[in-house]
Amino acid sequence: MSVNSHPLRVLVVGCGNMGASHAIAYKTQEGFNICGIVSTGNSKVVLNERLGGGYPLFDDYATALIETKPDAVCISTYPDTHESFAIMALEQGCHVFIEKPIADTVEGAKRVMAAAQKADKKLVVGYILRHHPSWAKFVEVAQEMGKPLVMRMNLNQQSHGTMWTVHRNLMKSLSPIVDCGVHYIDVMCQMTRSKPVQVNAIGARLTNDIPADNYNYGQLQIRFEDGSVGWYEAGWGPMMSETAFFVKDVIGPEGCVSIVAKNAGAAGKSDNVDSHTKTESLRVHRAALDENDQFVSTDTWIDMQDEPDHQELCNREQRYFLQAIREDTDLTDHMQDAVSSLQIAFACDESVRTGQPVLL
């Protein structure tokens, strides 16, 4: 059996929502073998049972890395461990799949990228929307609308129960507009293919359940070199409104395209992770008018047939990871995009804290 066809031995680190989904992808798809599961709490036991049992379980990441000697490590822990865990794996000669953000500082993200290049190992960052055919189509149609573009996006979550626990833990190190915003900043950069030049952002701390220096509601605005502008809004917590929590709308001189998620946008689903990637259909509006200033064409709907659920998106991410390793794909642009979107998100954070625009 050639090295390329040999199953990849993967150490799964972090067993929450994303970690469990990636582990299921490794379990159910050819090309992977899970060699160990790591978490500080009981979640590894729950995940082990869910996967059918029998996997080595570890409380300590460094110990697991030494004992299992994996080919690759999947890191889905909280962001404050991403940098150290990724660099440790890369220095041990492992490929790394890491959930976004790549680190909890821009400097840390650059260090992780440098470590991957030095080790000559693959580093794939979990930009899940890049693997969604509907979002790819959304980007494609947006690019038909001319320049400049106006990009309007949000994802507010009326989180409660376990999701509020997850969000409170995330906010120990990151704000919502950094943690979630990197996805949508990345999408905006793909749509414009233009350099972001300035950000401005506002935020509010609506609960005492988070650190005093953080905020659980934020809205950012980006100006691009080509005149395009975009905004993104994210709020987490039981106080959030579910009115207009799911806006995905792009406007240009030629018209507009919008994601209309009729079911995913229904009441009570704003903190359901499966609804966050759903598009269901794209509504395309053309701006052209006739001599009577009436629209030349009626709006069209693109109903997406290939509508992968959250698990299938994770499966596709892991197939991409495996392919990148086996085919020795150059991931320089992929890594740089992950660093850039994080840099923009942290500039937005700085704007919230200073009350001033930040030039990029």
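The following exchange goes through a predicted model, taking up its annotated spans, its helix packing and its buried residues.

Biologist: Which residues does UniProt list for "domain: Gfo/Idh/MocA-like oxidoreductase N-terminal"?

Modeller: The name and its limits come from an unreviewed UniProt entry. In the predicted model, the chain over this span is 43% helix and 22% strand, with its end C-alpha atoms 21 Å apart. The residues listed in that entry are 8–127.

Biologist: Where does UniProt place the annotation "domain: GFO/IDH/MocA-like oxidoreductase"?

Modeller: This annotation also belongs to an unreviewed entry. The span is 28% helix and 31% strand, and its end C-alpha atoms lie 31 Å apart. According to the UniProt record, the annotation covers residues 143–236.

Biologist: Are α3 and α4 roughly parallel or roughly antiparallel to each other?

Modeller: Two packed helices are described by the angle between their axes and the distance between the axes. For helix α3 (residues 61–68) and helix α4 (residues 82–91), the axes come within 11 Å and cross at roughly 20°, in a right-handed crossing. The contact is made by Y61, A62 and L65 on the α3 side, and by F85, M88 and A89 on the α4 side. Since angles under 35 degrees count as roughly parallel, the two helices are therefore roughly parallel.

Biologist: How many of the ten residues of α4 are buried?

Modeller: The buried residues of α4 are H82, E83, F85, A86, I87, A89 and L90. What covers them includes β1 (8–13), α3, β4 (72–75), β5 (95–98) and α5 (106–119). Helix α4 is largely enclosed by the rest of the structure, because the number of its residues that are buried is seven.

Biologist: Which residue just after α4 takes a positive phi?

Modeller: Helix α4 spans residues 82–91, and the residue in question follows just after it. Its phi is about 85°, and the residue is G93.

Biologist: At roughly what angle do the axes of α6 and α9 cross?

Modeller: Helix α6 (residues 133–142) and helix α9 (residues 181–192) have axes that come within 9 Å, and α6 passes α9 in a right-handed crossing. W135, F138, V139 and A142 in α6 meet Y184, V187, Q190 and M191 in α9. The two helices are oblique to each other, and the angle at which their axes cross is roughly 40°.

Biologist: Is H183 buried or exposed?

Modeller: H183 is found in helix α9, where it touches K100, G126, Y127, I128 and L129, leaving aside residues up to four places away in sequence. Buried means under 20% relative accessible area. The relative accessible area of H183 is 11%, so this residue is buried.

Biologist: Which residues touch the most other members of the largest nonpolar core?

Modeller: In soluble globular proteins, nonpolar side chains tend to be buried together. The largest nonpolar core here holds 87 residues, and its largest share, ten residues, comes from helix α12 (residues 332–354). Apart from this core lies another, of 23 residues, among them V10, C15, I37 and L51. Within the largest core, the residues that touch the most other members are M153 and M191.

Biologist: Which residues does M191 touch, not counting those up to four places away in sequence?

Modeller: M191 is one of the residues through which α9 meets α6, and its contacts include F138, V139 and A142. Taken in full, the residues that M191 touches are F138, V139, A142, Q143, K147, L149, M151, M153 and V250.

Definitions and conventions
Residues numbered from 1 in each chain as written. Predicted model: local features only at pLDDT ≥ 70, side-chain atom pairs only at ≥ 80, totals over all residues. Heavy atoms only, no water. UniProt positions renumbered as here; feature names shortened; annotations may be inferred. Helix = DSSP H or I, 4+ residues; strand = E, 2+ residues; numbered from the N terminus. Core = buried A, V, L, I, M, F, W, Y, C linked by side-chain atoms within 4.5 Å. Buried < 20%, exposed > 50% of the residue type's maximum accessible area, 1.4 Å probe, protein only. Contact = heavy atoms within 4.5 Å. Axes fitted to C-alpha atoms, helices over the stretch in contact; angles between N-to-C directions. Parallel < 35°, antiparallel > 145°, perpendicular 65-115°, else oblique. Left-handed = near helix turned anticlockwise from the far one by under 90°.
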